[in-house]
Amino acid sequence: GPIGDEPTSYQIYLWNGKNTTPGTDKPDAENNIQAVCVIPPPPDSKDAKAEGITFISKEANTYRFMIIYDGPENGGATMFSCTA
């Protein structure tokens with residue numbers, strides 16, 4: 001999770017497992033990750049910090065996952081969907 005006390009959003013990326021370190025021998029390294037979506041801070045708890053994520057499913061270009069937070073009671077598990 002983030003360092004500090006300010007609420008912050010979180011970015012979700014997909015990684016294809018290939019090297020993402022740029023260099024002259026890997027001019028397309030940046031294509032090995034894909035931004036999927038931005039998750040806003042939870043509205044009900046200013047102290048919540050995302051600490052874990054698990055993939056649930058993918059249908060077409062819609063991804064579903066669950067985020068667990070440090071701070072809320074029982075982790076404040078929250079389901080999210082986003083389209084890439």
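## Strand pairing

Let's start with the pairing of two strands in this predicted model: E3 and E4 run antiparallel and are joined by nine bridges. One of the residues involved is Ser-57, whose bridge partner in E4 is Arg-64. The next pairing along the sheet, between E4 (residues 62-70) and E5, is also antiparallel, with six bridges. Here Ile-67 is bridged to Thr-78 in E5.

Taken together, the three strands make an open sheet with the order E3-E4-E5 and antiparallel pairing. The edges are held by strand E3 (49-59) and strand E5 (78-83); each has a single partner strand, so one side of each has no neighbour in the sheet. On average, neighbouring strands here are turned by 25 degrees against each other, with direction ignored. As background for the bridges, strands of a sheet pair through backbone hydrogen bonds, in either a parallel or an antiparallel way.

## The chain as a whole

Stepping back, the protein chain has five strands and zero helices. Read from the N terminus, its elements follow the pattern β-β-β-β-β. Of the 84 residues in the chain, 24% are buried.

The exposed surface of the protein chain is about 6000 Å², and carbon and sulfur atoms supply 51% of that area. If you look at contacts between residues at least 6 apart in sequence, 33% of them join residues at least 24 apart.

## The turn between E3 and E4

Which residue in the hairpin of E3 and E4 takes a positive phi? That residue is Ala-60, with phi near 55 degrees, in a hairpin that has two residues between the strands. Ala-60 is worth a look in a Ramachandran plot, as this positive value belongs to a residue other than glycine.

Ala-60 sits in the loop between E3 and E4. Its relative accessibility is 67%, so Ala-60 counts as exposed.

## Two neighbours in strand E3

Ser-57 and Ile-56 offer a view of strand E3 residue by residue. Ser-57 is part of strand E3, and is it buried or exposed? With a relative accessibility of 17%, Ser-57 counts as buried, because the cut-off for that class is under 20%. Leaving aside residues up to four places away in sequence, Ser-57 touches Thr-62, Tyr-63 and Arg-64. Arg-64 is also the bridge partner of Ser-57 in E4.

Ile-56 lies in strand E3 as well, but this residue is partly exposed, at a relative accessible area of 37%. Its contacts, again not counting residues up to four places away in sequence, are Arg-64, Phe-65, Met-66 and Met-79. For Met-66, the C-alpha to C-alpha distance from Ile-56 is 7.0 Å, while the two residues are ten apart in sequence.

## The nonpolar core

Now for the interior. The largest nonpolar core contains 13 residues, and those with the most contacts inside it are Cys-37, Ile-39, Phe-65, Ile-67 and Tyr-69. Two or more residues come from each of strand E1 (10-15), strand E2 (33-39), E4 and E5. E4 gives the largest share, with four residues. In soluble globular proteins, nonpolar side chains tend to be buried together.

Phe-65 is a good place to centre your view. Not counting residues up to four places away in sequence, Phe-65 touches Ile-12, Cys-37, Ile-39, Ile-53, Thr-54, Phe-55, Ile-56, Thr-78, Met-79, Phe-80 and Cys-82. Ile-67, another core residue with many contacts listed above, is the one bridged to Thr-78.

## The disulfide

How many disulfides does the count come to? The count is one disulfide, and it joins Cys-37 to Cys-82, with an S to S distance of 2.4 Å. The dihedral about the S-S bond is -55 degrees, and the link of Cys-37 and Cys-82 is left-handed. This pair links distant parts of the chain, 45 residues apart: Cys-37 is in strand E2 and Cys-82 is in strand E5.

Cys-37 and Cys-82 are both buried. Both cysteines are also among the residues that Phe-65 touches, and Cys-37 is one of the residues with the most contacts inside the largest nonpolar core.

Notes
Residues numbered from 1 in each chain as written. Predicted model: local features only at pLDDT ≥ 70, side-chain atom pairs only at ≥ 80, totals over all residues. Heavy atoms only, no water. Buried < 20%, exposed > 50% of the residue type's maximum accessible area, 1.4 Å probe, protein only. Contact = heavy atoms within 4.5 Å. Areas by Shrake-Rupley, 256 points an atom, 1.4 Å probe, with all protein chains shown as cover. Pairing = 2+ DSSP bridges. Axes fitted to C-alpha atoms, helices over the stretch in contact; angles between N-to-C directions. Core = buried A, V, L, I, M, F, W, Y, C linked by side-chain atoms within 4.5 Å. Disulfide = S-S within 2.5 Å.
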